[in-house]
Amino acid sequence: VSTPSKIVLPKVKSLSQATMSSINSVTYTGKEIKPSVTVKYGDKVLLNNTDYTIAYKNNTNAGNASVIITGKGNFTGSISKSFVIKKRSIEKFSCSMGSKYSYSGGQIKPSITIKDGTKTLKNGTDYTVSYGKNTALGKGTVKISGKGNYTGSITKTFTISKQSVTTLSYSSLSTRTYTGKAI
């Protein structure tokens, strides 16, 4: 009669004893940011999808994001690490608006388009606009300030020139009868 052999089960280990590599801050891109990490249990480098799974939280917009490592196979539990997504500066973005405007008697507020590569930013969401007085002949100013996922500012100037009299309107003259006096 033979004795049955013992089955040795692998020992399950908790990820609470594991370490995760540091994560540098990154700049907002408009897409999910998924930094790679190295997870170690003692001296052993653990393998993604074998020893653990990886998930991300709040990893698109500027602010604090997280990497969450959850045990798999011989590992249980989870560990996480935070990283920062920094706001993107608008200072070198493409900014287009007219360069010459005619005096109008009121404040001139040029229409502005700002692009981050091919993405057109939205006024009120991605940036705000403040205008100088922009009422007198000479130079007018516009300041664009980053908002939301964007930071920094751009100041643009434009020229306010004299208005041509050909663009003015006038009321027609009515017919008068000669009186011998100045009308």
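Colleague: Let's start at a turn. In the hairpin of strand 15 and strand 16, which residue takes a positive phi?

Modeller: That's N134, with a phi near 50°. Keep in mind that this is a predicted model. The hairpin has six residues between its two strands.

Colleague: How do the two strands of that hairpin run, and how many bridges join them?

Modeller: To read a pairing, look at the direction and then at the bridges. Here strand 15 and strand 16 run antiparallel, joined by five bridges. For one example, Y131 has V142 in strand 16 as its bridge partner.

Colleague: And on the strand 18 side, what is the bridge partner of V142?

Modeller: K156 in strand 18. Strand 16 and strand 18, which covers residues 153-161, also pair in the antiparallel sense, this time over eight bridges.

Colleague: Back to the loop. Is K133 buried or exposed?

Modeller: The general idea is to check relative accessibility: over 50% means exposed. K133 comes out at 71%, so it counts as exposed. You'll find K133 in the loop between strand 15 (127-131) and strand 16 (138-146).

Colleague: How far is K133 from G106, going by C-alpha atoms?

Modeller: They're 9.1 Å apart in space, and 27 residues apart along the chain.

Colleague: Now the whole protein. How many helices and strands does the secondary structure come to?

Modeller: Zero helices and 18 strands. Of the 183 residues, 23% are buried. The protein exposes about 12,800 Å², with carbon and sulfur atoms supplying 49% of that.

Colleague: What share of the contacts with a separation of 6 or more comes from residues 24 or more positions apart?

Modeller: They account for 48% of those contacts.

Note on methods: Residues numbered from 1 in each chain as written. Predicted model: local features only at pLDDT ≥ 70, side-chain atom pairs only at ≥ 80, totals over all residues. Heavy atoms only, no water. Helix = DSSP H or I, 4+ residues; strand = E, 2+ residues; numbered from the N terminus. Buried < 20%, exposed > 50% of the residue type's maximum accessible area, 1.4 Å probe, protein only. Contact = heavy atoms within 4.5 Å. Areas by Shrake-Rupley, 256 points an atom, 1.4 Å probe, with all protein chains shown as cover. Pairing = 2+ DSSP bridges.
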